[in-house]
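Here is a short note to go with your first look at this structure. Take a moment with the picture, then read the points below.

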Amino acid sequence: MPFSLWLSLAAICAMGAMSPGPSLALVLRHTLGGGRLPGVTAGLFHALGVGFYALLTVLGLGALMARFPLLFQLVTWGGAAYLAWLGIKALRAGRAGAVQAHAVITTSPQAAREGVLVALSNPKLILFFVALLSQFISPEMSVTAKAIIVLTAMIIDGAWYVLVALLLSHSRVLPWLQQRAHWINRATGVMLIALALRVVLGPLA
Ligand SMILES: NC(=[NH2+])NCCC[C@H](N)C(=O)O
């Protein structure tokens, strides 16, 4: 793969990773609820889910989805249901109020599990791979080039969310955020439910 092509791939992956959405909400929630380790764990396991989709994409997910639109629908609806459920959980945690917001403790195994699940169910991610990443792939591409694509997507996503978790868990930032945890929970709850509704109600243009 020519370096210039890789650069545009990396830029697109970085933009996808940095755009706010359910994945950012996930890392934020686990950092707030558990601190640095669960936050970083969520970011790393989320990257595994990203890698899984990237792998499917280089193996021809785009063509598969185009051939079986119903499958695509089912995957995105399943994902939407999961995001809506996470949104409801966030809203209910928010109602507990400022003081008890700290009590919403998450552990690293929980963060790991949700990291993978959010990556797999995030409709933004599915769309990203089917619509954007698949354009970098041609059937006659070498295995090395395909591996580079998968690793690039995975490493950029992982690095971004680990950075986010590290910054958010900084001793100056974390207490400030935790005091506002009820607002953050409410905002992420509304955002997750809105995204889920949007997936169910219409095409994600
Ligand atoms: N390369 C990607 N598109 N990564 C997925 C990240 C999704 C998006 N940043 C979110 O928080 O929902």
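The points below deal with the ligand and its surroundings, and then with the annotated spans.

1. Please keep in mind that this is a predicted model. The values below are all computed from it.

2. A good place to start is the ligand, which takes up the space of the largest pocket. Around the ligand there are 15 residues, and those that come nearest are Ala 17, Ser 19, Asn 122, Asp 157 and Tyr 161.

3. What is the make-up of this shell by class? It has eight nonpolar residues, five polar ones and two charged ones. Helices H1 (3-18), H2 (22-34), H8 (123-132) and H9 (143-168) each give at least two residues to the shell.

4. Now for the backbone around the ligand. At Ala 17, a backbone N or O atom is 3.0 Å from a ligand nitrogen atom. Pro 22 has a backbone N or O atom 3.1 Å from an oxygen atom of the ligand, and a polar backbone atom of Ser 23 is likewise 3.1 Å from a ligand oxygen atom. The protein buries 99% of the 350 Å² that the ligand exposes when taken alone.

5. Lastly, the unreviewed UniProt entry annotates residues 41-63, 70-88, 116-136, 148-171 and 183-201 as "transmembrane region". In the model, residues 148-171 are 88% helix and 0% strand, with end C-alpha atoms 36 Å apart. Residues 183-201 are 100% helix and 0% strand, and their end C-alpha atoms lie 27 Å apart.

Methods:
Residues are numbered from 1 along each chain as its sequence is written. This is a predicted model: local features need pLDDT of at least 70, side-chain atom pairs count only at pLDDT 80 or more; totals for chains, interfaces and linings use all residues. Side-chain values use heavy atoms; hydrogens and water are left out. A residue is near a molecule or strand if one of its heavy atoms lies within 4 Å of it. A polar contact is a pair of N or O atoms within 3.5 Å; within protein, one must be able to donate a hydrogen and the other to accept it, and residues adjacent in sequence count only if both atoms are side-chain atoms. Accessible areas come from the Shrake-Rupley method with a 1.4 Å probe; for residues, only the protein chains shown count as cover. On a 1 Å grid over the protein atoms alone, a cavity is a set of points where a 1.4 Å probe fits but cannot get out, and a pocket is an open set with protein on both sides within 12 Å along at least five of seven lines; lining residues have an atom within 4 Å of a point. A molecule sits in a cavity or pocket if more than half of its atoms lie within 2 Å of its grid points. Helices (H or I, at least four residues) and strands (E, at least two) are DSSP runs, numbered from the N terminus. Ala, Val, Leu, Ile, Met, Phe, Trp, Tyr, Cys and Pro count as nonpolar, Asp, Glu, Lys and Arg as charged, and the others, Gly among them, as polar. UniProt positions are given in the numbering used here, feature names are shortened, and annotations may be inferred rather than shown by experiment.
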